[in-house]
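Biologist: Got a minute to go through this structure with me? Start wherever you like.

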Amino acid sequence: MAPVDLTPNFESPQPPAKYCVLSYPTPNVLLVRLNRPKDLNCINMEGHAELHKIWEWLDAEPSLSVGVITGTGRAFSAGADLKEWNNRNTAGQKREMVPSGFGALSRRSGRKPVIAAVNGLAYGGGCELVVNCDLVVASSNATFALPEVKRGVVAFAGALPRIVRTIGKQRAMEMALTGRTVSAQEAREWGLVNRIVGDREGEVVDAAIEYAKMIAENSPDAVIVSREGIKMGWEGMGAEDATRLANDVWFSRLQAGENIKEGVRAFVEKRKPKWKAAKL
């Protein structure tokens with residue numbers, strides 16, 4: 001398990017966390033650990049709302065640059081809480097998902113990157129939220145699946161139109177129509193996973209934090225704008241339209257800030273940049 005050795009000073013209070021554990025393993029990095037191991041980290045409706053507030057806080061809190069999400073125990077997340085779902089069906093109650101989707105990530109746009117540290121099985125909604133994370137690190141025993149068709153439901157939380165852009169039509173069809181399990185190695189070959197590490201406890205989190213540290217060392221403004229440019233292309237905007245919008249809107253904001261000047265100055269002076277919190 002990654003060491004927690006940082007006690008940050010926040011400009012805004014940390015949101016309450018009932019279904020997950022929040023920690024700060026290195027400067028500017030938020031680690032969110034889903035914490036329902038007996039339920040394979042299934043996320044109920046209250047948990048979605050809780051995570052929505054946490055990711056909104058990540059975006060707004062100046063002292064944080066990157067988020068990492070993982071699970072406690074042998075699962076990353078087995079998806080929806082089907083017991084709760086069944087109870088709501090019996091009572092005739094609707095399931096009102098937060099606008100940011102499953103785990104408040106599967107449809108999230110957001111400002112700051114979130115890295116998935118997949119420590120075990122990621123099924124259903126758990127897989128859906130992985131699809132929309134910015135980077136994915138998986139343990140060698142991690143598995144991925146969209147098994148909704150086996151339960152008569154559909155992966156409606158945002159993965160279907162997104163995963164096809166990552167792994168292609170035929171592979172996306174294979175996952176969504178058969179519901180079969182995909183290994184970490186196969187997921188990496190398909191482009192869904194950036195890196196595979198061993199399955200020792202905490203190893204996948206440590207690897208994800210290494211990525212997070214590399215990101216957090218960069219200009220927070222430049223990270224936000226770079227992520228936005230890639231996201232616009234991934235979500236279907238044409239390359240030239242996305243470039244034009246990025247230049248007209250995002251790059252002009254970047255130029256108005258101090259970090260772009262500091263980065264150039266530090267390069268010329270051959271020293272490490274002293275970044276300020278993102279102001280975009």
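Modeller: Sure. Glu 269 is partly exposed, with a relative accessible area of 46%. Keep in mind that this is a predicted model.

Biologist: Why does Glu 269 count as partly exposed?
Modeller: Because buried means under 20% and exposed means over 50%. The 46% of Glu 269 makes it partly exposed.

Biologist: Which residue does Glu 269 form a salt bridge with?
Modeller: With Arg 271. The closest N and O atoms are 2.7 Å apart. Arg 271 is partly exposed too, at 29% relative accessible area.

Biologist: Which residues are joined into one network by shared salt-bridge partners?
Modeller: Arg 36, Asp 39 and Asp 81.

Biologist: How many salt bridges are there in the whole structure?
Modeller: The search finds 11.

Biologist: What does Arg 180 do with Glu 174?
Modeller: They form a salt bridge, with the closest N and O atoms 2.6 Å apart. The side chain of Arg 180 also meets that of Glu 186 in a salt bridge, again 2.6 Å from N to O.

Biologist: Are Glu 174 and Arg 180 buried or partly exposed?
Modeller: Partly exposed. Glu 174 has 29% relative accessibility, and Arg 180 has 26%.

Biologist: New topic. Which residues touch the most other members of the largest nonpolar core?
Modeller: Leu 30, Trp 55, Ile 69, Val 118 and Phe 144. That core has 47 residues. Its largest share, five residues, comes from helix α1, residues 45-60.

Biologist: And what is in the second core?
Modeller: It is separate and has 18 residues. Among them are Val 205, Ala 207, Ala 208 and Ala 216.

Biologist: Why would nonpolar side chains be buried together?
Modeller: As a general tendency, that is what they do in soluble globular proteins.

Biologist: Where is there a nonpolar patch on the surface?
Modeller: At Val 154, Phe 156 and Leu 160. Together they have about 270 Å² of accessible area. Leu 160 lies in helix α4, residues 159-167. Its own relative accessible area is 34%, so Leu 160 is partly exposed.

Biologist: Now the sheet. What order do the strands come in?
Modeller: The order is β4-β6-β8-β9. The four strands form an open sheet with mixed pairing. The edge strands are β4 (75-77) and β9 (182-183), and each pairs on one side only.

Biologist: In which sense do β4 and β6 pair, parallel or antiparallel?
Modeller: Parallel, over two bridges. Strand β6 covers residues 121-123. Ser 77 stands opposite Ala 122 in β6.

Methods:
Residues are numbered from 1 along each chain as its sequence is written. This is a predicted model: local features need pLDDT of at least 70, side-chain atom pairs count only at pLDDT 80 or more; totals for chains, interfaces and linings use all residues. Side-chain values use heavy atoms; hydrogens and water are left out. A nonpolar core is a set of buried Ala, Val, Leu, Ile, Met, Phe, Trp, Tyr and Cys residues joined through side-chain atoms within 4.5 Å. Buried means under 20% relative accessible area, exposed over 50%, partly exposed in between (1.4 Å probe, protein chains only). Two strands pair if DSSP finds at least two bridges between them. Patches are made of residues with over 30% relative accessible area and no salt bridge: like charges are joined within 9 Å, nonpolar side chains (Val, Leu, Ile, Met, Phe, Trp, Tyr) within 5 Å. Accessible areas come from the Shrake-Rupley method with a 1.4 Å probe; for residues, only the protein chains shown count as cover. A salt bridge is a side-chain nitrogen of Lys or Arg within 4 Å of a carboxyl oxygen of Asp or Glu.
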